Amino acid sequence: MKLKNWKEVTPGAVCTEAGSALKFKTGSWRAFKPRWIEENCIQCLFCWIYCPDMAIEVKDGKRGVYRYDYCKGCGICALECPGKKGKKAIVMEEEGK
Amino acid sequence: MATGITLKELSKKEELLTGGHRMCSGCGAPIIVKMVLLASDYPIIAANATGCLEVSTCISDYTAWKIPWIHQSLSGAMERGHDMIYICYDNGAYMNTGIQRSSATPFGADTTTCPAGSVIPGKTQQRKNLTKIMAAHDIPYAAQASPSHWMDLVKKVKKALDIKGPKFMNVLSPCNRGWRSRTDDAIMLSRLGVETCYWPLYEIEDGVTKVTFKPREKKPLADFLKPQGRFKHMFAPENEWMLKRAQEMVDKEWGSLLKAEAK
Ligand code: SF4
Ligand code: SF4
């Protein structure tokens, strides 16, 4: 991700666009990556409501994919996921392995 | 009163706080902000005093907010009776500037300005009870919530937004940097805060106190303290008195809350 130089930022760093933080990809902070195992998912959406980074998509009320551009790999979704029959629907895996 | 709130329904609403903000990985605060924004059916203007949330959601010309957002202050606004809801995300120290002790820091906690060592065993005073202080302004609504109990939180925000006048909510906000805990345990810790009655869920509406969640079994406070490095020294044999004292403080507050409710 390329950061803006001083000539490219607005004068006084005024925010002219709502939600422009989306252009800043925090996914690069991640040391661990969550992986969703759909067959163990019970669609409770706990992962979605508890994610601090709005990094889990929900479409039509259904659990969707990860937005890895923003996920910081905290692991809250994996810890809170109840999964099915004792099997988690989210596991954390070390990045770059 | 809001009924039939489901995550499925809430998930259809627009996200008003985006990803790409620069709060720490696993921070409790953006979770709380997300829940609050989802609870509202009204257009919102956020007013934010300086803290982590302010400086990490608006950096240079990036903003993670999709709603108007202004800088704001508290007791005076309550006294003047502005029609607003003030939500404090309470992480129990000046976390943004490097984990300095604040009046809201709990008893015993190790911070950079009350470090536990040979001179003092962490903070020696008890935590200021901000929720009660705000309720003492005789405002129409004051409440305490926790992100672990998302439905309780969302209901309280909805209720508060429908009341005219100044409202206050205090929400427990785990901070893994300051609490010396893991990045994945924000929800687990906030749940333990509630289950140990360290952070009771209650509301005071027009002077009437109601405890909105009573744990089936009140867990020992140590369950909440143990996973947090800031309380590590309290588990040393010579500091047993601290655990006892901290437990007594929690028992006292819980007791007086139940009494206030019974009135
Ligand atoms: S690891 Fe953390 S940031 Fe990533 S999706 Fe899970 S809860 Fe969100
Ligand atoms: S928390 Fe787990 S089971 Fe629930 S929706 Fe997310 S992935 Fe599925």
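In the predicted model, L45(A) lies in the loop of chain A that separates β1 from α1 (46-50). The backbone of L45(A) has a phi near 70 degrees, a positive value in a residue other than glycine. Such a value merits mention because most residues other than glycine have a negative phi. With a relative accessibility of 2%, L45(A) counts as buried, because the threshold for burial is set at under 20%. L45(A) is also one of the residues around ligand 2.

A second positive phi in chain A belongs to A13(A), for which the angle is about 50 degrees although the residue is not a glycine. A13(A) is placed in the segment that precedes β1 (32-36). The relative accessibility of A13(A) is 28%, and the residue is therefore classed as partly exposed, a category that covers the range between the 20% and 50% limits.

Chain A contains 2 helices and 4 strands, which follow one another along the sequence in the pattern β-α-β-β-α-β. The radius of gyration of chain A is 16 Å, well over the 13 Å that the globule rule gives for 97 residues, so the chain is more spread out than a compact globule. Along the principal axes, the C-alpha atoms of chain A fill a box of roughly 55 × 35 × 15 Å. Buried residues account for 44% of the 97 residues of chain A. Among the contacts in chain A with a separation of 6 or more, 59% join residues 24 or more positions apart. The accessible surface of chain A amounts to about 5,600 Å², and carbon and sulfur atoms contribute 56% of that area.

Both ligands have residues of chain A in their surroundings. Ligand 1 is surrounded by 13 residues, of which C51(A), C71(A), C74(A), G75(A) and C77(A) come nearest. Divided by class, the shell around ligand 1 comprises 9 nonpolar, 2 polar and 2 charged residues. For ligand 2, the surrounding residues include the cysteines C41(A), C44(A), C47(A) and C81(A). The remaining residues around ligand 2 are W36(A), I42(A), Q43(A), L45(A), R63(A), P82(A), A89(A) and I90(A). The shell of ligand 2 consists of 10 nonpolar residues, 1 polar residue and 1 charged residue.

Chain B comprises 9 helices and 9 strands. The radius of gyration of chain B is 18 Å, close to the 18 Å that the globule rule gives for 263 residues, so chain B is as compact as a globular protein of that length. The C-alpha trace of chain B spans about 55 × 50 × 40 Å along its principal axes. Of the 263 residues in chain B, 56% are buried. The accessible surface of chain B is about 11,800 Å², with 55% belonging to carbon and sulfur atoms.

Within chain B, helix α2 (residues 29-39) is mostly covered, with 11 of its 11 residues buried. The buried residues of α2(B) include I31(B), I32(B), V33(B), M35(B), V36(B), L37(B) and L38(B). K34(B) is also among the buried residues of this helix, as are A29(B), P30(B) and A39(B).

Two further positions in chain B were examined individually. T57(B) is located in helix α3 (residues 52-57). T57(B) counts as buried because its relative accessibility is 2%. The side chain of T57(B) reaches the backbone oxygen of L53(B) at a distance of 2.6 Å. When residues up to four places away in sequence are not counted, T57(B) touches L17(B), H21(B), Y62(B), T63(B), A64(B) and W65(B).

W69(B) is situated in strand β4 (residues 69-71) of chain B. The relative accessible area of W69(B) is 18%, and W69(B) is therefore buried, as the cut-off for this class is under 20%. W69(B) and I45(B) lie 24 residues apart in sequence, with a C-alpha to C-alpha distance of 5.6 Å in space. Apart from neighbours within four places in sequence, W69(B) is in contact with A46(B), N48(B), E54(B) and C58(B).

Definitions and conventions
Residues are numbered from 1 along each chain as its sequence is written. Chains are lettered from A and ligands numbered from 1 in the order in which they are written. This is a predicted model: local features need pLDDT of at least 70, side-chain atom pairs count only at pLDDT 80 or more; totals for chains, interfaces and linings use all residues. Side-chain values use heavy atoms; hydrogens and water are left out. A residue is near a molecule or strand if one of its heavy atoms lies within 4 Å of it. Ala, Val, Leu, Ile, Met, Phe, Trp, Tyr, Cys and Pro count as nonpolar, Asp, Glu, Lys and Arg as charged, and the others, Gly among them, as polar. Buried means under 20% relative accessible area, exposed over 50%, partly exposed in between (1.4 Å probe, protein chains only). A polar contact is a pair of N or O atoms within 3.5 Å; within protein, one must be able to donate a hydrogen and the other to accept it, and residues adjacent in sequence count only if both atoms are side-chain atoms. Contact means heavy atoms within 4.5 Å. The radius of gyration is taken over C-alpha atoms; the globule rule is 2.2 Å times the number of residues to the power 0.38. Accessible areas come from the Shrake-Rupley method with a 1.4 Å probe; for residues, only the protein chains shown count as cover.
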